[in-house]
Structure formats: structure tokens, C-alpha cells
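User: Could you take a close look at the pockets in this model for me? I'd also like to hear about the aromatic rings and the cysteines while you're there.

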Amino acid sequence: MDIIEGLKGKNQNECYALLLELEKISESSNELYGYFDEFIKLTQSISPLVRTRGFRLACAQARWDNENKLDRDIDVLLDMLRNEKGTQVRQCITALSSVVKYKQGLKSKIIQSLEELDMQGYKESMRELIRKDMDKLKD
């Protein structure tokens with residue numbers, strides 16, 4: 001199966017299982033780093049779920065990013081923080097933790113973007129969860 005097509009599939013359970021499998025591979029191997037540009041392209045999808053999958057997988061390549069592709073595309077990723085769905089924002093913030101860990105030079109830009117996040121469109125309970133995610137990332 002083509003990985004990128006699999007991530008865009010109609011069966012959300014299968015897509016999510018594939019995402020988790022690819023994230024696990026990315027933890028221990030640079031096998032998927034060659035797909036980085038394709039993961040970035042997924043962040044431009046019409047589907048919010050596909051965009052989030054692309055975001056998560058692009059961030060998962062931080063450890064292997066010897067070509068500084070994350071530095072090049074960080075603005076594209078940070079734009080995704082302006083999402084109307086709080087659950088997707090939370091997934092993006094969590095994914096950014098590996099970028100902060102392995103790409104220290106991007107940490108201040110990431111933190112600044114988080115601090116500029118307008119959370120008025122989220123329920124108070126979601127705002128609180130997002131704030132906690134942000135605090136974890138800052139530590």
C-alpha cells in the first residue's frame with residue numbers, strides 16, 4: 001500500500017492505525033524521512049484529519065532532520081495551530097514536542113506561536129486542556 005494514499009483513505013480507523021504505526025517507526029528509524037515533503041503536502045488537504053496526520057508525521061521526523069526541512073517548513077506547520085477544532089490543535093501541540101526536543105533552534109518560534117494562539121473559539125474546558133499541553137511543551 002502507498003503510505004500517502006493510506007493516510008488519505010476513507011476508513012478512519014485504518015488511517016489512524018496506519019498513522020500510529022508510522023509514528024512508531026519514526027521513533028526508531030529514519031525510514032520515513034524521505035516522505036517528509038509528502039507529509040507537508042498533506043497539511044494542505046481539504047480534510048482536517050488528513051492535515052493533522054501530515055502534521056504529526058512531519059513532526060515525527062524531527063530526530064532525523066539533518067537537511068533542516070522542518071526549519072524550512074515550520075511556518076506551514078505553525079499555521080495549523082489556527083484550527084477551529086481544539087482536539088486537532090491539541091494533537092499538533094503534542095506532536096511539536098518532538099520538534100522542540102530535537103530541533104532546539106525552533107523552540108522559541110514554536111513557543112511564540114503558541115502564545116499568540118487565539119483560543120476564544122474553544123469551550124473553556126478545551127482552553128484549559130490546550131493551556132496544559134502548551135505548558136508541557138514549554139518545560
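Analyst: Here's a walk through the pockets, followed by the rings and then the cysteines. Keep in mind that this is a predicted model.

Let's start with the largest pocket, which holds about 300 Å³ of space. Its lining is made up of 13 residues, and the ones nearest the centre are E23, E27, A60, A95 and S98. Three helices each give two or more residues to that lining: α2 (12-28), α4 (48-60) and α6 (86-102). The largest share comes from α6, with seven residues. If you're thinking about chemistry, the lining of this pocket splits into five charged, five polar and three nonpolar residues.

Next up is the second largest pocket, at about 180 Å³. Here α5 (69-79) and α7 (107-115) are the elements that supply two or more lining residues. The full list for this pocket runs D75, L78, D79, L81, R82, K109, Q112, S113, E116, L117 and D118. Sorted by class, that gives six charged, three nonpolar and two polar residues.

Now for the rings. The structure has two aromatic pairs. In one of them, Y33 and F36 have ring centres 6.2 Å apart and planes at 45 degrees, so this pair counts as tilted. Both Y33 and F36 are buried. The other pair is Y35 with F39, and this one is stacked, with 6.1 Å from centre to centre and 25 degrees between the planes. The burial of these two partners is worth spelling out: Y35 is partly exposed at 30% relative accessibility, while F39 is buried at 0%. Y33 turns up again in a charge contact, as K69 lies over the face of the Y33 ring, 5.2 Å from its centre.

That leaves the cysteines. The disulfide count is zero. For C15, the nearest cysteine sulfur belongs to C92 and is 17 Å away, and a pair would have to be within 2.5 Å to count. C15 is also buried, with a relative accessible area of 1%. C59 is in no disulfide either: its nearest cysteine sulfur is again that of C92, at 7.3 Å. That distance is still outside the 2.5 Å cut-off, so C59 and C92 don't count as a disulfide. Like C15, C59 is buried, and its relative accessible area is 0%.

Key. Residues numbered from 1 in each chain as written. Predicted model: local features only at pLDDT ≥ 70, side-chain atom pairs only at ≥ 80, totals over all residues. Heavy atoms only, no water. Buried < 20%, exposed > 50% of the residue type's maximum accessible area, 1.4 Å probe, protein only. 1 Å grid on protein atoms, 1.4 Å probe; cavity = no way out; pocket = protein on both sides within 12 Å on 5 of 7 lines; lining within 4 Å. Points joined across faces, edges and corners; volume = space filled by probe spheres on them. Helix = DSSP H or I, 4+ residues; strand = E, 2+ residues; numbered from the N terminus. Nonpolar A, V, L, I, M, F, W, Y, C, P; charged D, E, K, R; others polar. Phe/Tyr/Trp six-rings, centres within 6.5 Å; stacked < 30°, edge-to-face > 60°. Lys NZ or Arg CZ within 6 Å of the ring centre and 35° of its normal.
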